[in-house]
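Student: Could we go through this one together? I'd like to start with the confidence and then move on to the cysteines and the surface.

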Amino acid sequence: MLFGAINSGSGQPPPEQVLMNVRTTLSWDGCSQHPVESEGFWAQVLLNTALPYQPSDHHFHDQEAGLLVLVDGCIYNQQALAVDLGLGSDELHTPHLVAGAFKQWGPAFVEKLNGDFAICIHLAGSKESYLFRDHVGIRPLAFAVLEPHVYFATDGMGLCKALFPHEPISRDYLLNQFLWDGYNQDLMPRPGVQKLKPGHYLKIIGGKWETVRYWHPRNIYEDKSLNREKVLADIKTLVHDAVKIRCDDRFRASAHMSGALDSSVVAVLARKAYTRQHPFYGLSWTPLRAPMQDNLAYDERVLVRTMCERHYMIPFFADFGAEDCLGFSGEWRSTCHYLAERKVVEFVREKKINLIFSGWGGDEFVSMGNRGIDADLIKKCQLRSFFHKYPW
């Protein structure tokens with residue numbers, strides 16, 4: 001996890017009390033702390049001791065060039081980038097690679113990345129700073145402007161609590177929690193904290209800031225010559241590659257498992273990549289003790305057990321009761337509605353599993369897809385389909 005403060009104007013440090021409150025609130029249990037400082041820049045890198053990472057995997061400081069790079073996440077096309085930049089194998093640590101890419105291409109380097117990342121770059125000499133978030137928003141990244149400082153963190157909830165400890169929670173944020181249609185992913189408990197949107201970066205120069213969009217999926221060329229066979233073949237290749245590049249023998253893995261196609265396919269592919277690991281768990285959100293409903297045509301537990309048996313996985317079912325619901329709801333950092341996933345996290349911690357593969361993706365780009373579908377139907381004048389979707 002990353003958090004810090006930037007003052008690219010006067011270079012004055014944040015108030016000590018504010019900085020102390022940020023450090024105290026955002027320091028997670030079980031993490032080692034690594035402070036990073038430069039002119040006009042103060043930050044911390046928190047490394048989870050249960051993960052096989054070193055500080056060099058997240059932090060690089062080119063003293064001669066005055067370039068500081070912090071990275072939270074993974075970049076999967078590192079080898080190709082290293083070839084383009086002429087870097088050797090000893091320079092393949094992610095932040096070192098990002099530094100080289102930024103020197104070569106400037107902020108546009110982010111367009112060349114394939115990964116799940118939050119990146120911070122600071123140039124002390126030119127008083128420039130940049131915060132980058134990956135294309136589809138897998139890695140969280142939030143910021144708050146309290147002039148003359150810009151605070152940032154990959155723990156947005158923690159940043160709200162640290163910077164605005166005595167202000168009430170936003171009314172709009174609370175009401176938003178009860179919505180499904182129209183749910184706004186961008187809202188935070190404090191209006192002063194903003195999520196950096198997926199596919200965007202924040203540019204801070206001379207004390208002034210602006211967000212820049214670098215990814216434009218609407219501009220992707222539509223190949224109308226594709227047929228069904230070609231599309232299915234391409235999807236199969238892409239899914240296999242997406243799982244393969246995320247496999248790392250340093251981790252102990254498991255996968256979400258359900259009766260649906262997406263998570264089952266990813267779970268099976270992940271299991272094939274970890275054939276030497278035993279046991280390998282298929283993690284289901286379905287409660288084991290829930291009674292079978294009369295109006296259901298199938299029981300997902302049967303599908304999960306069948307898939308796990310065929311592919312040498314052990315099924316885990318997320319049983320939880322009233323006490324779990326109260327306990328999970330009382331954790332201020334958890335805004336997740338999926339209480340079953342909280343039970344899964346408890347289980348994998350107990351089993352010392354530190355990597356979970358999941359077939360449902362994009363926390364802010366894919367999952368809440370109604371807005372995107374509706375906009376496309378209207379834009380393409382497919383009004384018949386739109387009113388079929390909304391028959392009112």
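Student: Which elements have the lowest and the highest mean pLDDT?
Tutor: In this predicted model, helix 11 (residues 370-379) has the lowest mean pLDDT, 73, and strand 7 (residues 128-133) the highest, 97; pLDDT is the predictor's confidence in each residue, from 0 to 100, and helices (H or I, at least four residues) and strands (E, at least two) are DSSP runs, numbered from the N terminus. Local features need pLDDT of at least 70 and side-chain atom pairs count only at 80 or more, while totals for chains, interfaces and linings use all residues; residues are numbered from 1 along each chain as its sequence is written, and side-chain values use heavy atoms, leaving out hydrogens and water.

Student: And where is the pLDDT below 50?
Tutor: That applies over residues 362-367, a stretch that has 18 contacts (heavy atoms within 4.5 Å) in the model beyond near neighbours in sequence.

Student: Switching to cysteines, how many disulfides does the structure hold?
Tutor: The structure holds 0, where a disulfide is a pair of cysteine sulfur atoms within 2.5 Å.

Student: Why no bond for Cys74?
Tutor: Because its closest cysteine sulfur, in Cys247, is 12 Å away, which is too far.

Student: Is Cys120 buried or exposed?
Tutor: Cys120 is buried, with a relative accessible area of 2%, whereas Cys74 is partly exposed at 23%; buried means under 20%, exposed over 50% and partly exposed in between (1.4 Å probe, protein chains only).

Student: Last one, where is Val231?
Tutor: Val231 lies in helix 6 (residues 228-244) and is partly exposed, with a relative accessible area of 32%.
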